[in-house]
Amino acid sequence: MSTYDPAEPGHNPARRQVLSCLAAWSGAAVVWTVAGGVPHALGATTAGTPTAAAKNALTFVQISDTHIGFRKEANPDVIGSLRHAIADINALSQAPAFVVHTGDVSHLSKPEEFGKAREVLQEIRVDRVHTIPGEHDTIDEGVNGYLKYFDHDGNGKSWYSFDQGGVHFIGLNNVLNFKMGTMAALGDEQIIWMKTDLAHVSRSTPIVVLAHIPLWTIWEPWGWGTADSAQAMALLRPFGSVTVLNGHIHQVLQKVEGNIALHTAMSLAYPLPTPGQAGIGEPGPVTVPAGELGKLLGTRQLSVVRGRHELALIDTPLAG
Amino acid sequence: MSHAFSRNTIRPFRACVALALVFGAGFVMPTIFAAAAPPAPTVDLNIAKFAFAPKEITIAPGTKITWTNRDETPHTVTSNDKSFASKGLDTDDKFEHTFASEGDFSYICTVHPFMTGVVHVRKQ
């Protein structure tokens, strides 16, 4: 593994822009380890050093934006990319308790895409894969097509919660449309449900929230935000440790607001531009030179360390 | 009697159809039929770079609009009043809708609700 060197011949300057952008979004408590020109490991610790997963910690893996059904130039083999990630997950020295998938399971909400995704996800050697819907999963019949394959609790709702390893997990659907011309939202019904759900959780319990679109506004002209995220954040603010895991923007960005740390994840399908990237007017798939794609796709391993506010995160590209 | 009557009226029509088939085998066919029954005026719109282009348009009643998705990302054409709604449109997929009556029809892409457009239907 070579050390990152900005002067390295053949270094892609766009990568440097991405890194500076990431630095701008990163909180002070975060350390990036960069190897081979890509952010390879990220430790979120108060001491400013990367943390290895403690032996008795709850660890789980986040994957996102698999876009099963996509077959354009930016990645003609998204199933191959997912299987590559699955091999990485199955090879982890400490087996994760479960996997979360933060949305855009499919590309076009087609039944065959959901079916294929469910079939391939079953190759991950964990007890369960918890999914939430992205806007690509709710295209033709709202969330109903998705729920036929991924109904978490079997009650026809696309939001849910569960407790594991002393952590309260909440899965949300923030790709609902209520008002023309605005960003997608959670909606009143879900906000009320969230309030009721959190009423039974002690303030010291670590909370992990899954939501496809970031719960903070990254770039409104591209819809990279949730219209009513302020209401959800207000409900989460009283808790001592809140980690929000998002997908949607196909790159790692993060923000810390008090006790709430928000992290977006890499995709397993294709890269997107950096927020509002100059010269690119829209958030469409970015085709990168052969050999570069695997560096921009990846998985994230998370560990909940008792007594720590922050989860330990390791973002690993498929190839690096 | 009625048999003879109908044959007389049909004969010139048949000739016309035959002419249309001969001359209109390729590209001119719609023009020839236009003389008998004017076809609906048509307008083509693009969905490109996460925007409807043009975003706003004024047409006469009876006009058919065809939207074509030029992006690699799926989009929809979904009216606010639910009077028309496409399925998810993949790259180069098309959606057509004929606007029969006057009015203002605003629409969005439900995948990207920040994408908006409006069709004004006015007698001209």
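Strands here are DSSP runs of E, at least two residues long, numbered from the N terminus. Keep that in mind for the hairpin I'd like to open with, and keep in mind too that this whole model is predicted.

So, hello everyone, and let's start in chain A. Strands β10(A) and β11(A) make a hairpin, with 2 residues between them. Within the turn sits A:Gly258, whose phi is positive, about 60°. The two strands, β10 at residues 254-257 and β11 at residues 260-264 of chain A, run antiparallel and are joined by 4 bridges. If you'd like one pair to look at, take A:Val256, whose bridge partner in β11(A) is A:Ala261.

Let me step back to chain A as a whole. It has 7 helices and 13 strands. Of its 320 residues, 48% count as buried. Now look at the contacts in chain A with a separation of 6 or more: 68% of them come from residues 24 or more positions apart.

A word on confidence, please, before we go on. Chain A has a mean pLDDT of 85, and 82% of its residues reach 70 or more. Residues 1-51 of chain A are another matter, with pLDDT below 50. That stretch still has 75 contacts in the model beyond near neighbours in sequence.

Next, the core. Which residues touch the most other members of the largest nonpolar core? They are A:Leu172, A:Val209, A:Leu210 and A:Ala211, in a core of 72 residues. Apart from that core lies another, of 17 residues, and its members include B:Ile47, B:Phe50, B:Phe52 and B:Ile108. As a general background, nonpolar side chains in soluble globular proteins tend to be buried together.

Let's stay with A:Leu172 for a moment. Setting aside neighbours within four places in sequence, A:Leu172 is in contact with A:Val209, A:Leu210 and A:Ala211. The list for A:Leu172 also holds A:Ile132, A:Trp159, A:Leu186 and A:Gln190.

For a contrast, let's visit A:Lys179. This residue is in the loop between β7 (167-171) and α5 (188-198) of chain A. Is A:Lys179 buried or exposed? It counts as exposed, because A:Lys179 has 12 C-beta neighbours inside 10 Å. Along the chain A:Lys179 and A:Ala227 are 48 residues apart, while their C-alpha atoms are separated by 9.5 Å.

Now over to chain B. This chain has 2 helices and 8 strands. From the N terminus on, its order is α-α-β-β-β-β-β-β-β-β, so to speak, helices and then strands. Buried residues make up 22% of its 124 residues. For contacts in chain B with a separation of 6 or more, residues 24 or more positions apart account for 44%. Four strands deserve a closer look. In chain B, 4 strands form an open sheet in the order β2-β1-β4-β6, with mixed pairing. At its edges are β2 (51-53) and β6 (94-99) of chain B, each of which pairs on one side only. From one strand to the next, the twist averages 25°. Strand β4, residues 63-69 of chain B, runs antiparallel to β6(B), and 6 bridges join the two. Across that pair, B:Thr66 stands opposite B:Glu96 in β6(B).

The loop between β1 and β2 of chain B is my favourite stop. Two residues are worth clicking on there, B:Lys49 and B:Phe50. Most residues other than glycine have a negative phi, and most peptide bonds are trans. B:Lys49 has a positive phi, near 50°, and B:Phe50 has one of about 60°. What about their surroundings? B:Lys49 is partly exposed, because 14 other C-beta atoms lie within 10 Å. B:Phe50 counts as buried, because it has 20 C-beta neighbours inside 10 Å, and the cut-off for buried is 20 or more. B:Phe50 is also among the members of the 17-residue core I mentioned earlier.

Further along, which peptide bond is cis? The bond from B:Ala53 to B:Pro54 is, with omega near -5°. B:Pro54 belongs to the loop between β2 and β3 (56-59) of chain B.

Last stop, the place where the chains meet. The contact takes 20 residues from chain A and 19 residues from chain B. On the chain B side, 6 of the residues are nonpolar, 8 polar and 5 charged.

That's the tour; thank you for listening, and I'm happy to go back to any of these places on the screen.

How values were computed:
Residues are numbered from 1 along each chain as its sequence is written. Chains are lettered from A and ligands numbered from 1 in the order in which they are written. This is a predicted model: local features need pLDDT of at least 70, side-chain atom pairs count only at pLDDT 80 or more; totals for chains, interfaces and linings use all residues. Two residues are in contact if their C-beta atoms, placed from the backbone, lie within 7 Å. Ala, Val, Leu, Ile, Met, Phe, Trp, Tyr, Cys and Pro count as nonpolar, Asp, Glu, Lys and Arg as charged, and the others, Gly among them, as polar. A nonpolar core is a set of buried Ala, Val, Leu, Ile, Met, Phe, Trp, Tyr and Cys residues joined through C-beta atoms within 7 Å. pLDDT is the predictor's confidence in each residue, from 0 to 100. Two strands pair if DSSP finds at least two bridges between them. Axes are lines fitted to C-alpha atoms, for helices over the stretch in contact, and angles run from 0 to 180 degrees between N-to-C directions.
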